[in-house]
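Visitor: Hi, I've got a structure open and I'd like to talk it through. Could you walk me around?

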Amino acid sequence: MVAPDWCHFSQRLQRSRAHKQVKGADAPFEDERFAYVALSRARVERRPSRVLAQPDVGKVEVAAKLCTPEGVAVARVPRRAKADYASARRWRWGDAV
């Protein structure tokens with residue numbers, strides 16, 4: 001991967017009243033980023049691609065940045081591919097596709 005990309009996912013956490021006061025925050029939530037590594041002794045035959053960021057869903061296509069076995073790639077799924085487009089619209093950050 002090349003900067004600024006990095007494998008992580010974002011999780012929205014609720015803040016308590018005390019937490020908001022200590023941080024001087026107005027929002028009742030905070031988005032935390034997490035990264036992880038999964039290891040296995042067993043050989044993995046086919047590793048799925050992962051969605052690196054929230055996909056851009058447009059009227060014409062869905063564009064998503066994927067981490068593939070060959071490296072980082074941008075997948076574009078056109079609306080005319082109806083089944084694939086419907087599936088790609090449900091992709092979320094961190095999903096295996």
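Guide: Sure, and let's start with a term: a salt bridge is a side-chain nitrogen of Lys or Arg within 4 Å of a carboxyl oxygen of Asp or Glu. Keep in mind that this is a predicted model.

Visitor: Okay, how many salt bridges does the structure hold?

Guide: It holds four.

Visitor: Which side chain meets Glu30 at 3.5 Å, N to O?

Guide: That's Arg15, and the two side chains form a salt bridge. The pair links distant parts of the chain, 15 residues apart. Glu30 sits in strand E2, residues 29-34, while Arg15 is in the loop between strand E1 (9-14) and helix H1 (17-23).

Visitor: Are those two buried or exposed?

Guide: Both Glu30 and Arg15 are buried. For Glu30, the relative accessibility is 14%, and buried means under 20%, so Glu30 makes the cut.

Visitor: What does Lys23 form a salt bridge with?

Guide: With Glu30 again: the closest N and O atoms of Lys23 and Glu30 are 2.7 Å apart. Lys23 itself is partly exposed, because its relative accessible area is 47%, and partly exposed covers what lies between buried, under 20%, and exposed, over 50%.

Visitor: And which residue pairs up with Arg76?

Guide: Glu61 does, in a salt bridge where the closest N and O atoms are 3.1 Å apart. Arg76 lies in strand E6 and Glu61 in strand E5, so this pair ties together parts that are 15 residues apart in sequence. Arg76 counts as exposed, at 53% relative accessibility, whereas Glu61 is partly exposed at 28%. Going back to the earlier residues, salt bridges with shared partners join Arg15, Lys23 and Glu30 into one network.

Visitor: You mentioned E5 and E6. In what sense do they pair, and over how many bridges?

Guide: Strand E5 (residues 61-68) and strand E6 (residues 71-78) pair in the antiparallel sense, over eight bridges. They form a hairpin, with two residues between them. For one pairing to look up, Val62 has Val77 in E6 as its bridge partner.

Visitor: Let's stay on E5. What's Thr68 doing there?

Guide: Thr68 is found in strand E5 and counts as buried, because its relative accessibility is 13%. Its side chain reaches the backbone oxygen of Gly71 at 2.5 Å. Not counting residues up to four places away in sequence, Thr68 touches Arg47, Ser49 and Ala73.

Visitor: Is Leu66 buried or exposed?

Guide: Leu66, which also lies in strand E5, is buried, because it has a relative accessibility of 8%. Leaving aside neighbours within four places in sequence, Leu66 is in contact with several residues, including Ser49, Arg50, Val51, Leu52 and Val97. The list also includes Gly71, Val72, Ala73 and Ala75.

Visitor: How many residues apart along the chain are Leu66 and Ala53?

Guide: They are 13 residues apart, and their C-alpha atoms are separated by 8.0 Å.

Visitor: New topic, aromatics. How many aromatic pairs does the structure hold?

Guide: Zero. There is still something to look at on a ring, though: the charged end of Arg12 sits over the ring of Phe29.

Visitor: How many Å is that charged end from the centre of the ring?

Guide: It's 3.8 Å from the centre of the Phe29 ring.

Conventions
Residues are numbered from 1 along each chain as its sequence is written. This is a predicted model: local features need pLDDT of at least 70, side-chain atom pairs count only at pLDDT 80 or more; totals for chains, interfaces and linings use all residues. Side-chain values use heavy atoms; hydrogens and water are left out. Rings of Phe, Tyr and Trp (its six-membered ring) pair if their centres lie within 6.5 Å; planes under 30 degrees apart count as stacked, over 60 as edge-to-face and the rest as tilted. A charge sits over a ring if NZ of Lys or CZ of Arg is within 6 Å of the ring centre and within 35 degrees of the ring normal. Two strands pair if DSSP finds at least two bridges between them. Helices (H or I, at least four residues) and strands (E, at least two) are DSSP runs, numbered from the N terminus. Buried means under 20% relative accessible area, exposed over 50%, partly exposed in between (1.4 Å probe, protein chains only). A polar contact is a pair of N or O atoms within 3.5 Å; within protein, one must be able to donate a hydrogen and the other to accept it, and residues adjacent in sequence count only if both atoms are side-chain atoms. Contact means heavy atoms within 4.5 Å.
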